[in-house]
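Thanks for coming. I will go through one model today, starting with a term and then moving from the chain to its parts.

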Amino acid sequence: LPIDSLYLNKIEVFYKNADRLRSTAWPEMTLSPICVFRKNGPAFLYNHPTPPASFKKIKENLYMGTQEELQILGATQANINGVLTAINNYDLPHYSSPEEMFAELFHELHHTYQFNHISGKKPDNPVTLLLYPENYQNDALKIAEQKLLYSLCFCDNKKEFKELLTKINHIRLLRETIIGKTFIEYEKDVESLEGPAFYCQYRYYKEFASDSKALINNFIQKEFFGILNT
């Protein structure tokens, strides 16, 4: 389909962009293989040392197979022939441009780097999230914390920055007395895993998006900062 051709022709450029950006976005970050695909359609595997035997070589480092064979879905990481690989589904309806999809793929590349090279990093346990306490005091404090974090993102005054950080830490200590240490530690674990990857996604999109400046700024506010305002 036309959408397959569109993404097939952008894979090599994406990987070169990712390689150029990785050292400035996150020093020492390495790149794993990648796989982009369409559900019930093709899967394009790039820079994989041992692609599945059924995958056809299209050009140097680029192979084509099917999504069905790999049984992969979503934006995440997958073990393909023993190698942790960053993957993303490019025909999801919420992508309005290839750069949005590739920015999220760069996010997943950061996760493969975390799991391969940073000790103690592992996916968060969804069971903990299911047990997360519903408490109106904690929720109210968390909303206040998010607003402070939003201000922190745009603060360029050292004194103000420290004051905001102190307020955030104070709120977290207070929330710990309400929901307990286990759930605060869970939040910290998720932040340390997803925060850097989310930041890398932001950096890639901001660097390589080709839309007008107004559309880029609108997407950045909605995708990266809107989460702190909702």
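By contact, or touching, I mean heavy atoms within 4.5 Å. This is a predicted model, in which local features need pLDDT of at least 70 and side-chain atom pairs count only at pLDDT 80 or more, while totals for chains, interfaces and linings use all residues. Residues are numbered from 1 along each chain as its sequence is written, and side-chain values use heavy atoms, with hydrogens and water left out.

The whole chain, then. The protein chain has nine helices and six strands; these are DSSP runs numbered from the N terminus, helices being H or I of at least four residues and strands E of at least two. Its C-alpha atoms fill a box of roughly 55 × 40 × 35 Å along the principal axes. Of the 230 residues, 41% count as buried, where buried means under 20% relative accessible area, exposed over 50%, and partly exposed in between, with a 1.4 Å probe and protein chains only. Among contacts in the chain with a separation of 6 or more, 62% are between residues 24 or more positions apart.

Next, the sheet. The six strands form an open sheet with mixed pairing, in the order β3-β4-β2-β1-β6-β5; two strands pair if DSSP finds at least two bridges between them. At the edges are β3 (56-59) and β5, each of which pairs on one side only. From one strand to the next the twist averages 35°. Axes here are lines fitted to C-alpha atoms, for helices over the stretch in contact, and angles run from 0 to 180 degrees between N-to-C directions.

At one edge, β3 pairs with strand β4 (residues 62-66) in the antiparallel sense over three bridges. Lys 57 has Tyr 63 in β4 as its bridge partner.

At the other edge, strand β5 (residues 76-80) runs antiparallel to strand β6 (residues 83-89), and five bridges join them. Ala 78 is bridged to Thr 85 in β6. Two residues lie between the strands of this hairpin, where Asn 81 takes a positive phi near 55°.

What packs on the sheet, touching β1, β5 and β6? Helix α4 (residues 98-117) does, and its direction makes about 160° with that of β6. Thr 112 lies in α4 and is buried, with a relative accessible area of 1%. Leaving out residues up to four places away in sequence, Thr 112 touches Ser 32, Gln 77, Leu 84, Thr 85 and Ala 86.

A second buried residue is Tyr 46, in strand β2 (residues 42-46), with 7% relative accessibility. With the sequence exclusion of up to four places, its contacts include Ile 11, Glu 12, Tyr 15, Pro 33 and Leu 62. Cys 35 is eleven residues from Tyr 46 along the chain, and their C-alpha atoms are separated by 6.3 Å.

Last, a helix pair. Helix α8 (residues 181-208) and helix α9 (residues 213-225) pack at about 175°, with axes 11 Å apart. They are therefore roughly antiparallel; that label is for angles over 145 degrees, with under 35 roughly parallel, 65 to 115 roughly perpendicular and the rest oblique. Among the residues that meet are Phe 198, Tyr 202 and Tyr 205 in α8 and Leu 215, Phe 219 and Phe 224 in α9. The contact residues divide into nine nonpolar, one polar and two charged, taking Ala, Val, Leu, Ile, Met, Phe, Trp, Tyr, Cys and Pro as nonpolar, Asp, Glu, Lys and Arg as charged, and the others, Gly among them, as polar.
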